[in-house]
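Here are my notes on the model, set out as numbered points for you to read beside the coordinates. They take up pockets, cavities, cores, cysteines and one loop residue in turn.

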Amino acid sequence: MTLTSLCQDNNIPYGNNLRVGKFYNIRGIKIYCEIYGSGKPLLMIHGNGGSIESFKNNIPYFSKKYKVIVADSRSQGKSKDMSDSLSFEMMADDEAALLDVLHIDSAYVLGWSDGGINALLLALRHPEKVIKLASTGANLWPDSTAIIPSLWKEDKLNYDSSKDKHFATTEEKNDWKLFLLDWFQPNITLNDLHSINCSSLIIGGDHDLIKIEHTVLIYQNIPHAYLWIVPNSGHGTLIEHTDEFNKIVDDFFINPFHSR
């Protein structure tokens, strides 16, 4: 990460910027959103339990040439949702509705982790909204064929020990809802991916929480896709390799797709 980007990060409280942050009425709840820069719209979608701040290393770069739209997903950050249900489909529909409220017909989309799943579902459920998508660290289903076994076993122990527990506080209930989201979901088939028509960049780290083989499967089943396995990277490709990540994703957005 460059010194310039560090300075910009320190000066702007991404995720808590009262100067630009607004709440929008989206499908029965208030979604918190911040917008930076101007140009073609770029929607960024964070991962489970994250917030707008997850993209603090990426917003300064992309906002120089794009209108960056980044929101706290339902039940996360400042976007509170007191209901007991949550799904990736709900969140993808939220993102589409947010673009409608902002009078944006379509956008480039960058999603990380659960946000990468949401990016895929946004392209499936609302294809007219997605110009191109970049998805890093996404999985299609929630078992040990997609997630590294050590993490899956850890999550199983957590589920087995907590499934009958009474959660007293609102925060505990919300945390459990977010855990169950990733324990039972997503449930996307390889055949579903065949319907994604936009150009897609599928990304994973070479020691990601998502198995490389699974990331390759996603790439292989999207008709117009590129694959980037980032060397020496875990799940946080966009944090661990910020400058390279920003440049390669930007190049993908700018340049025409060339068939493999």
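1. The largest pocket in this predicted model has a volume of about 480 Å³. Its lining is made up of 24 residues, and those that lie nearest the centre of the pocket are Thr170, Lys173, Asn174, Asp175 and Lys177. Sorted by class, the lining of this largest pocket holds six nonpolar, 11 polar and seven charged residues.

2. The second largest pocket encloses about 330 Å³ of space, and its lining consists of 20 residues, with Ser113, Asp114, Leu151, Asp155 and Asp182 lying nearest its centre. Three helices, α4 (114-125), α5 (149-162) and α6 (170-184), each supply at least two residues of this lining, and α6 gives the most, with four residues. In the second largest pocket the lining divides into 11 nonpolar, six polar and three charged residues.

3. Turning to enclosed space, a search of the whole structure finds two cavities of 30 Å³ or more. The largest cavity holds about 60 Å³, and its lining is formed by Ile26, Ile31, Ala71, Asp72, Ser73, Arg74, Met91, Asp94, Glu95 and Leu98. Helix α3 provides the largest share of that lining, with four residues. By class, the lining of the largest cavity comprises five nonpolar residues, one polar residue and four charged residues.

4. The second largest cavity has a volume of about 30 Å³, and the residues around it are His46, Gly47, Asn48, Ser73, Gln76, Met91, Asp114, Asn118 and Leu181. Its lining comprises two nonpolar residues, six polar residues and one charged residue. Ser73 and Met91 are listed for this cavity and also for the largest cavity, while Asp114 appears both here and among the residues nearest the centre of the second largest pocket.

5. As general background, nonpolar side chains tend to be buried together in soluble globular proteins. In this model the largest nonpolar core has 42 residues, and Leu120 and Leu133 are those with the most contacts inside it. Helix α3 (residues 88-101) gives the most to this core, with seven residues. Apart from that core lies another, of 26 residues, which includes Tyr32, Leu42, Trp112 and Phe253. Leaving out residues up to four places away in sequence, Leu120 touches Leu133, Ser135, Ala138, Leu140, Ile196, Ile202, Ile218 and Ile222.

6. How many disulfides does the structure hold? The number is zero, and two of the cysteines can be described individually: Cys33 has a relative accessible area of 1% and is therefore buried, and Cys198, at 11% relative accessibility, also counts as buried, because the cut-off for that class is under 20%.

7. Is Gly49 buried or exposed? Gly49 lies in the loop between β3 (40-45) and α2 (59-62), and it counts as exposed because its relative accessibility is 54%, where the class begins at over 50%. Even so, once its neighbours within four places in sequence are set aside, Gly49 is in contact with Gln76 and Leu178, and Gln76 is also one of the residues that line the second largest cavity. For a sense of distance, the C-alpha atoms of Gly49 and Met82, which stand 33 residues apart along the chain, are separated by 15 Å.

Conventions
Residues numbered from 1 in each chain as written. Predicted model: local features only at pLDDT ≥ 70, side-chain atom pairs only at ≥ 80, totals over all residues. Heavy atoms only, no water. Core = buried A, V, L, I, M, F, W, Y, C linked by side-chain atoms within 4.5 Å. Buried < 20%, exposed > 50% of the residue type's maximum accessible area, 1.4 Å probe, protein only. Contact = heavy atoms within 4.5 Å. 1 Å grid on protein atoms, 1.4 Å probe; cavity = no way out; pocket = protein on both sides within 12 Å on 5 of 7 lines; lining within 4 Å. Points joined across faces, edges and corners; volume = space filled by probe spheres on them. Nonpolar A, V, L, I, M, F, W, Y, C, P; charged D, E, K, R; others polar. Disulfide = S-S within 2.5 Å.
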